[in-house]
Amino acid sequence: MSTPEPGGRAKRALPFPGSAAPPPAWRACLLDAALVAAGGGTGALARHLMMAGAPDAPLALWSINVVGSLLLGVVTGAALPRRACLTLGTGLLGSFTSYSALAAFTAGGALVSALLSVVAGVLAAAAGMAVGARARSGGVPCVPQYGEPQDGPPTAQQGGPSRDGAAR
């Protein structure tokens with residue numbers, strides 16, 4: 001699109017960011033980023049408050065990571081809408097749990113605590129995914145396996161109903 005300028009030269013209309021409103025794809029991307037930021041700020045604040053009020057920092061960190069893993073497993077297994085996964089999984093629980101804090105405590109001599117945290121976190125995540133999978137009524141997990149579609153109903157390969165309606 002062009003608008004004529006005085007003197008006969010046409011001026012090209014600029015797309016976003018020069019236009020008044022961003023196109024729909026940009027608005028969706030900005031909304032996603034805002035949701036992750038809101039969840040991330042909340043999760044980081046929750047972790048800070050729990051660590052600040054704990055008499056034993058390694059135990060508090062261990063508890064945070066295990067509970068966060070359990071909740072992330074529930075969010076992942078429950079097949080929530082994509083934006084709920086971004087807000088709760090990527091934002092809130094991603095900032096609530098802290099690999100960097102775990103690594104710092106491990107470097108400080110808490111190797112056994114770190115190993116227990118990783119093992120307990122993996123078990124808690126698996127338990128959470130099982131709980132979330134039982135709770136979902138359709139859809140796909142927030143974290144699809146490699147090569148699986150990311151949107152739409154579950155396919156027979158993902159454990160959804162086959163063409164004849166029977167679950168596999």
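**Order of elements**

I read the elements from the N terminus and got β-β-α-α-α-α-α. That comes to five helices and two strands. I note that the model is predicted.

**Whole chain**

I looked up burial next. Of the 168 residues in the chain, 24% count as buried. The exposed surface is about 10900 Å². Carbon and sulfur atoms supply 67% of that surface.

Then I checked how far apart in sequence the contacts reach. I took the contacts with a separation of 6 or more. Residues 24 or more positions apart account for 62% of them.

**α1 against α2**

I describe two packed helices by the angle between their axes and the distance between the axes. Helix α1 covers residues 24–52, and helix α2 covers residues 57–77. They pack at an angle of about 145°, and their axes are 9 Å apart. I logged the crossing of α1 and α2 as right-handed.

Which residues make the contact? From α1 I listed Arg47, Met50 and Met51. From α2 I listed Ala57, Ala60, Leu61 and Ile64. I sorted this contact by class: six nonpolar residues, one charged and no polar.

**α2 against α4**

Helix α4 spans residues 99–107. I found α2 and α4 packed at an angle of about 145°, with 10 Å between their axes. This crossing is left-handed.

On the α2 side I noted Ala57, Pro58, Leu61 and Asn65. These meet Ala101, Leu102 and Phe105 of α4. Ala57 and Leu61 were already in my list for the contact with α1. By class, the contact of α2 with α4 has six nonpolar residues, one polar and no charged.

**Inside α3**

Helix α3 runs over residues 82–96. I wrote down its buried residues: Cys85, Leu86, Thr87, Gly89, Gly91, Leu93, Ser95 and Phe96. What covers them? The cover includes α1 and α2.

**Ser95**

I picked one residue of α3 for a closer look, Ser95. Is Ser95 buried or exposed? Its relative accessible area is 16%. The cut-off for buried is under 20%, so Ser95 counts as buried.

I then checked the polar atoms around Ser95. Its side chain reaches the backbone oxygen of Gly91 at 3.0 Å. Gly91 is itself among the buried residues of α3. A polar atom of the Ser95 side chain also lies 3.1 Å from the backbone nitrogen of Ala44.

Next I left aside the neighbours of Ser95 within four places in sequence. The residues in contact with Ser95 were then Gly39, Gly40, Gly43, Ala44, Arg47 and Thr90. Arg47 had come up before, in the contact of α1 with α2.

Last, I looked up the pair Ser95 and Gly43. They are 52 residues apart in sequence. From C-alpha to C-alpha they are 5.1 Å apart in space.

Methods: Residues numbered from 1 in each chain as written. Predicted model: local features only at pLDDT ≥ 70, side-chain atom pairs only at ≥ 80, totals over all residues. Heavy atoms only, no water. Helix = DSSP H or I, 4+ residues; strand = E, 2+ residues; numbered from the N terminus. Buried < 20%, exposed > 50% of the residue type's maximum accessible area, 1.4 Å probe, protein only. Contact = heavy atoms within 4.5 Å. Areas by Shrake-Rupley, 256 points an atom, 1.4 Å probe, with all protein chains shown as cover. Axes fitted to C-alpha atoms, helices over the stretch in contact; angles between N-to-C directions. Left-handed = near helix turned anticlockwise from the far one by under 90°. Nonpolar A, V, L, I, M, F, W, Y, C, P; charged D, E, K, R; others polar. Polar contact = N/O pair within 3.5 Å; in protein donor to acceptor, adjacent residues only side chain to side chain.
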